[in-house]
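Please find below my comments on this entry, written as numbered points. They are meant to be read with the coordinates open.

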Amino acid sequence: QGTVNGETAWWNVVGGVVEFTDTVAPNSSGWWCVRNGKVDFGYTGLASNSSGWWRIENGNVNFSYCGFVPNAEGWWYLEGGHILFDRTEVIQGTVNGETAWWNVVGGVVRFTDTVASNSNGWWRIENGKVNFSFYGIAQNEYGWWYIQNGCVDFGYSGDIVINNQTHQVVNGLVYM
């Protein structure tokens, strides 16, 4: 903390010099959101540094945060206060006030229709979230799938009728 150009604030000092940049920088009390060289104690949202993007609350990184956070680029999934850009799976949480299982691709919620996975199976995704009441077939980049209760039924093999045409299903994969 000190005074620079008549303004008293907490400043980001690197190598003995105030750096008038926007970043997330540490001191002995935590990691702080720095705007134009000084800590922005009023900021809550996402901010970045060379280590990635962080959940900021009242200017400080919340390393215990786990969940979804929005910014101008979408809804992001964080663990340990950090956006996980390598996370691609179906994850439960609250997005825009709605608690559901959301399709996360590269750390961001994808509000698309597809079939996506997590450790519990492959799920029918509609507008970014699992539709547990879905029965029928759905498509992703791997093909068409036979879905029951929103989940691909890999145990099902047999014939199904779609638009008056019979199609074979083998281990949940629909042969169109």
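The points run from overall form to cores, single residues and the main pocket.

1. Status and make-up. This is a predicted model. Its secondary structure consists of strands without helices: the counts are 25 strands and zero helices.

2. Overall form. With a radius of gyration of 23 Å, the protein is well over the 16 Å that the globule rule gives for 176 residues, so it is more spread out than a compact globule. Along the principal axes, the C-alpha atoms occupy a box of roughly 80 × 30 × 25 Å.

3. Burial and contact range. Buried residues make up 42% of the 176 in the protein. Among contacts with a separation of 6 or more, 32% join residues 24 or more positions apart.

4. Largest nonpolar core. Which residues make up the largest nonpolar core? There are 10 in all: Phe-68, Trp-75, Tyr-77, Leu-84, Ile-91, Val-95, Ala-100, Trp-102, Val-104 and Val-109. Strands β12 (74-79), β14 (89-95) and β15 each supply at least two residues of this core, and β15 gives the most, with three. In soluble globular proteins, nonpolar side chains tend to be buried together.

5. Val-95 and the second core. Leaving aside residues up to four places away in sequence, Val-95 touches Phe-68, Trp-75, Trp-102, Val-109 and Phe-111. A second core, separate from the one above, has seven residues, including Val-115, Ala-138, Val-152 and Leu-173.

6. Cys-33. Strand β6 (residues 30-35) contains Cys-33. Its relative accessibility is 1%, under the 20% limit, so Cys-33 counts as buried. Beyond residues up to four places away in sequence, the contacts of Cys-33 are Thr-23, Lys-38, Val-39, Asp-40, Tyr-43, Ala-47, Ile-56 and Gly-59.

7. Arg-55. Is this charged residue, Arg-55, buried or exposed? At 15% relative accessibility, Arg-55 falls under the 20% limit and therefore counts as buried. Arg-55 is part of strand β9 (residues 52-57). Not counting residues up to four places away in sequence, Arg-55 is in contact with Thr-44, Gly-45, Leu-46, Asn-60, Val-61, Asn-62, Tyr-65, Val-69, Leu-78 and Gly-81. The C-alpha atoms of Arg-55 and Cys-33 are separated by 9.6 Å, and the two residues are 22 apart along the chain.

8. Asn-103. This residue sits in strand β15, the strand that gives the most to the largest nonpolar core. Asn-103 has a relative accessible area of 5% and is buried. With residues up to four places away in sequence left out, Asn-103 touches Glu-89, Val-90, Val-108, Val-109, Arg-110, Thr-112, Thr-114, Ala-116, Ile-125 and Gly-128. One of these, Val-109, also belongs to the largest nonpolar core.

9. Largest pocket. How much space lies in the largest pocket? The value is about 190 Å³. Of the 14 residues that line this pocket, Thr-88, Asn-103, Val-115, Ala-116 and Glu-141 are the closest to its centre. The elements that give two or more residues to the lining are β15 (98-105) and β17 (114-118). The largest share, four residues, comes from β17.

10. Character of the lining. By class, the lining of the largest pocket comprises six polar, five nonpolar and three charged residues. Two of the residues already discussed recur at this site: Asn-103 and Val-115 are among those closest to the pocket centre, and Val-115 is also a member of the second core.

Technical notes: Residues numbered from 1 in each chain as written. Predicted model: local features only at pLDDT ≥ 70, side-chain atom pairs only at ≥ 80, totals over all residues. Heavy atoms only, no water. 1 Å grid on protein atoms, 1.4 Å probe; cavity = no way out; pocket = protein on both sides within 12 Å on 5 of 7 lines; lining within 4 Å. Points joined across faces, edges and corners; volume = space filled by probe spheres on them. Nonpolar A, V, L, I, M, F, W, Y, C, P; charged D, E, K, R; others polar. Buried < 20%, exposed > 50% of the residue type's maximum accessible area, 1.4 Å probe, protein only. Contact = heavy atoms within 4.5 Å. Core = buried A, V, L, I, M, F, W, Y, C linked by side-chain atoms within 4.5 Å. Rg over C-alpha atoms; globule rule 2.2 N^0.38 Å.
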